[in-house]
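The following questions and answers concern the structure shown below. Each answer works through the relevant details before it closes on the item asked for.

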Amino acid sequence: MAAASPSVFLLMVNGQVESAQFPEYDDLYCKYCFVYGQDWAPTAGLEEGISQITSKSQDVRRVLVWNFPIDVTFKSTNPYGWPQIVLSVYGPDVFGNDVVRGYGAVHVPFSPGRHKRTIPMFVPESTSKLQKFTRMCLETPPGLQAAPPIGDK
């Protein structure tokens, strides 16, 4: 008698990274990736991407608009390790080098339908006064060394 193969389910994610508000920065771009558990596997689409550089809108909101499409399908045998989308936002420093302006992550919604998520962003800070002084002199903010910076893969 042949062993029954485990049943799988599919999770289809399609949408967009619409916009961001970084009042003190301009000319930013966004990178995304998905992190997920061991039983999950992408079956279609891109699990990471990079957007175009955008400038703030000229209206009073001063929002950065990307409208960056996301379309990926995953399969799994159980919900443990449900996928998260991890965003990293980058922009130029005073020397023109790309530096991180924010990191954030959110789980893909568990229920079907239309969803809108606001992802809080954070930026690492130097842990010592010497690091803060060095970073201030070099005009480079601290950043995380490993990618992806957030989530468990």
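**Strand pairing, aromatic contacts and backbone**

Q: Over how many bridges do S2 and S6 pair?
A: This model is predicted. Strands S2 and S6 pair in the antiparallel sense. One facing pair places Tyr 29 opposite Tyr 90 in S6. The number of bridges between S2 and S6 is seven.

Q: How many bridges join S6 to S7?
A: Strands S6 and S7 run antiparallel. Gln 84 has His 107 in S7 as its bridge partner. The bridges that join S6 to S7 number nine.

Q: Which residue takes a positive phi in the hairpin of S6 and S7?
A: Five residues lie between the two strands of this hairpin. The positive phi there is near 90°, and the residue that takes it is Gly 96.

Q: How many of the residues of S6 are buried?
A: Across the 153 residues of the protein, 33% count as buried. Strand S6 is mostly covered. Of its nine residues, the number buried is eight.

Q: What is the strand order of the open sheet of three strands?
A: The pairing in this open sheet is antiparallel. Strands S1 and S3 stand at the edges with a single partner strand each, so one side of each has no neighbour in the sheet. The order is therefore S1-S5-S3.

Q: By what angle are neighbouring strands of this sheet turned against each other on average?
A: The sheet in question has the order S1-S5-S3. With direction ignored, the average turn between its neighbouring strands is 30°.

Q: Which residue in S5 stands opposite Ala 44?
A: Strands S3 and S5 run antiparallel and are joined by four bridges. Opposite Ala 44 in this arrangement stands a residue of S5, Thr 73.

Q: What is the geometry of the aromatic pair of Trp 40 and Phe 74?
A: The structure holds eleven aromatic pairs. In the one formed by Trp 40 and Phe 74, the distance is 6.4 Å centre to centre and the planes make an angle of 80°. An angle over 60 degrees counts as edge-to-face, and the geometry of this pair is accordingly edge-to-face.

Q: How many residues apart are Trp 40 and Phe 74?
A: Trp 40 belongs to the loop between strand S2 and S3, whereas Phe 74 belongs to strand S5. Both Trp 40 and Phe 74 are buried. The pair links distant parts of the chain, with a separation in residues of 34.

Q: Why is the pair of Trp 82 and Phe 110 described as tilted?
A: The ring centres of Trp 82 and Phe 110 are 5.1 Å apart. Planes under 30 degrees apart would count as stacked and those over 60 as edge-to-face. The pair is tilted because its planes stand at 45°.

Q: Which residue of the pair Trp 82 and Phe 110 is exposed?
A: Trp 82 lies in the loop between S5 and strand S6, and Phe 110 in the loop between strand S7 and H1. Trp 82 has a relative accessible area of 13%, so it is buried. The value of 62% lies over the 50% cut-off, and the exposed residue is therefore Phe 110.

Q: Over the ring of which residue does the charged end of Lys 31 sit?
A: The charged end of Lys 31 is 4.9 Å from the centre of the ring. The ring belongs to Tyr 90.

Q: Which residue joins its side chain to that of Ser 57 in a polar contact?
A: Ser 57 is placed in the loop between strand S4 and S5. Its relative accessibility is 18%, so Ser 57 counts as buried. At 2.6 Å, the side chain of Ser 57 contacts that of Asp 59.

Q: What is the phi of Asp 27?
A: Most residues other than glycine have a negative phi. Asp 27, in the loop between S1 and S2, is not a glycine, yet its phi is positive. The value is about 55°.

Q: Which element has the lowest mean pLDDT?
A: The protein averages a pLDDT of 86, and 84% of the residues score at least 70. Strand S3 has the highest mean among the elements, 97. Where pLDDT is low, the predicted coordinates should not be read in detail. The lowest mean, 69, belongs to helix H1.

Definitions and conventions. Residues numbered from 1 in each chain as written. Heavy atoms only, no water. pLDDT = per-residue confidence, 0-100. Phe/Tyr/Trp six-rings, centres within 6.5 Å; stacked < 30°, edge-to-face > 60°. Buried < 20%, exposed > 50% of the residue type's maximum accessible area, 1.4 Å probe, protein only. Lys NZ or Arg CZ within 6 Å of the ring centre and 35° of its normal. Pairing = 2+ DSSP bridges. Axes fitted to C-alpha atoms, helices over the stretch in contact; angles between N-to-C directions. Polar contact = N/O pair within 3.5 Å; in protein donor to acceptor, adjacent residues only side chain to side chain.
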